[in-house]
Amino acid sequence: MLADSAIEPFLFRGHRFLVKRDDLIDPLLSGNKYRKLYSLIHTPAQQYKQLLSYGGTQSNAMLSIAALCHQKSWQFHYTSKPVPAHLKQEPTGNLKLALELGMQLHEVAHDDYDAAISVLKSQAEDGCLFVPQGGADPIARAGIGQLATEITQWQQEHEIESLYVVTPSGTGTTAFYLAEALNNATVLTTPAVGDKAYLLSQMNLLGAVPENLRMLESDKKHHFARPYPELLKIWQELKDTGIAFDLIYGALMWHTLLQHIDSIKGTVLYVHSGGLIGNATMLERYRHKGMILNG
Ligand SMILES: *Cc1c(COP(=O)(O)O)cnc(C)c1O
């Protein structure tokens, strides 16, 4: 079993931060996906034969589940909407790796997608595990609880009274269980998918949203996984400062956090949520849009 991930100081734009390096845990099973899949990583291989899931074809969760299934010799069936022709011809990024790890992709037409997902859920029988999109499932609670324990021990050792723990949200599963398990810290997050109201509705599927969870919003609306010059800029600056984050969630979280930083009084610990392999695909999109000129 892995030792606690490191916590490192990180000086950025004149502000002191600490970063919990969950990105260094494993290249494929990294960041919050490692935490969310933690209990499955520690499940005996013979317990399941196959795992079913669904979602986007460049999803970080998809890649991490593919790595998990590869380790366990579980079949991995993944349902998605139709894959664009260029990607199908020449898969890149997370999709390429997941296919190489043995993932079996099942494309379903847009109109039939919701019905296909309902069927998937009802199919999960003995020896077959169903994991919802992005790993948004109570199965994530144990691993994120472990993350919270590591943070609390560190907080006590360093006698930190006012602690803010920052991490970006997709489904909100990570931020939700983190806030639930941290008794003496505030969790700050931002919705990368949809707005605050949407994130709240996603979190409500897991339970009542803990009071120590706060959602920060960027002054400008950012659509999920689209290229924006300001996100590329901060991503590059973070990288030049010494830590690579992911271009979708991480760049948006830092961009948003910096807008609110003057109102945050206390120690700020950023939990790196991983997802670096997806950067190749995003950088390609930035290049395609002409936003990257030097390469
Ligand atoms: C999946 C992911 C998230 C979102 O996690 P949720 O638990 O779904 O909110 C954030 N950052 C990265 C890099 C991710 O891959």
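This briefing describes two sheets, the helices packed around them, and the surroundings of a ligand.

The structure is a predicted model, in which local features need pLDDT of at least 70, side-chain atom pairs count only at pLDDT 80 or more, and totals for chains, interfaces and linings use all residues. Residues are numbered from 1 along each chain as its sequence is written, and side-chain values use heavy atoms, with hydrogens and water left out. Helices (H or I, at least four residues) and strands (E, at least two) are DSSP runs, numbered from the N terminus. One open sheet has 6 strands, and another open sheet has 4 strands.

**The sheet of 6 strands**

- The strand order is E1-E2-E10-E7-E8-E9, and the pairing is mixed; two strands pair if DSSP finds at least two bridges between them.
- Strand E1 (7–12) and strand E9 (213–215) are the edge strands, each with a single partner strand, so one side of each has no neighbour in the sheet.
- Direction ignored, neighbouring strands are turned by 30° against each other on average. Axes are lines fitted to C-alpha atoms, for helices over the stretch in contact, and angles run from 0 to 180 degrees between N-to-C directions.
- Strand E7 (residues 163–166) directs Leu163 and Val165 one way and Tyr164 and Val166 the other way, and all are buried. Buried means under 20% relative accessible area, exposed over 50%, and partly exposed in between (1.4 Å probe, protein chains only).
- E7 pairs in the parallel sense with strand E10 (residues 267–271) over 4 bridges, and Val166 stands opposite Tyr270 in E10.
- E7 also pairs in the parallel sense with strand E8 (residues 186–189), over 3 bridges, where Tyr164 is opposite Thr186 in E8.
- Between E7 and E8 the chain passes through helix H8 (residues 173–181), and this β-α-β crossover is right-handed. Right-handed here means that, with the strands pointing away from the viewer, the path from the first strand over the helix to the second runs clockwise.
- E8 and E9 run parallel and are joined by 3 bridges; Leu188 stands opposite Arg214 in E9.
- Helix H7 (residues 141–157) packs on this sheet, touching E1, strand E2 (15–20), E7 and E10, and its direction makes about 150° with that of E10. Contact means heavy atoms within 4.5 Å.
- Helix H9 (residues 196–204) lies across E8 and E9 and runs at about 150° to E9.

**Ile7 in strand E1**

- Ile7 is located in strand E1 and counts as partly exposed because its relative accessibility is 23%.
- Leaving aside neighbours within four places in sequence, Ile7 is in contact with Leu18, Val19, Lys20, Trp154 and Leu269.
- Ile7 and Val271 are 264 residues apart in sequence, while their C-alpha atoms are 8.9 Å apart in space.

**The sheet of 4 strands**

- The order is E5-E4-E3-E6, with parallel pairing.
- The edges are formed by strand E5 (104–107) and strand E6 (128–130); each has a single partner strand, so one side of each is left without a neighbour in the sheet.
- From one strand to the next, the twist averages 20°.
- Strand E3 (residues 50–54) pairs with E6 in the parallel sense over 3 bridges, and Cys128 in E6 is the bridge partner of Gln50.
- Helix H6 (residues 113–123) packs on the sheet and touches E3, E4 and E6, with its direction at about 155° to that of E3.
- Helix H3 (residues 60–72) lies across E3 and strand E4 (75–80), running at about 160° to E4.

**Helices H5 and H12**

- In helix H12 (residues 279–288), the buried residues are Asn279, Thr281, Met282, Leu283 and Tyr286, and they pack against helix H5 (93–100) and helix H10 (229–241).
- Gly290, just after H12, takes a positive phi of about 75°.
- Gly93, Asn94, Leu95 and Ala98 are the buried residues of H5; their packing partners are H3, helix H4 (85–89), E5 and H12.
- Gly102 follows H5 and has a positive phi, near 100°.

**The ligand**

- The ligand is surrounded by 15 residues, of which the closest are Lys33, Lys36, Asn60, Thr171 and Thr174. A residue is near a molecule if one of its heavy atoms lies within 4 Å of it.
- An N or O atom in the side chain of Asn32 is 3.0 Å from an oxygen atom of the ligand.
- In Thr174, a side-chain N or O atom is 2.7 Å from an oxygen atom of the ligand.
- Gly170 places a backbone N or O atom 2.7 Å from an oxygen atom of the ligand.

Notes:
Polar contact = N/O pair within 3.5 Å; in protein donor to acceptor, adjacent residues only side chain to side chain.
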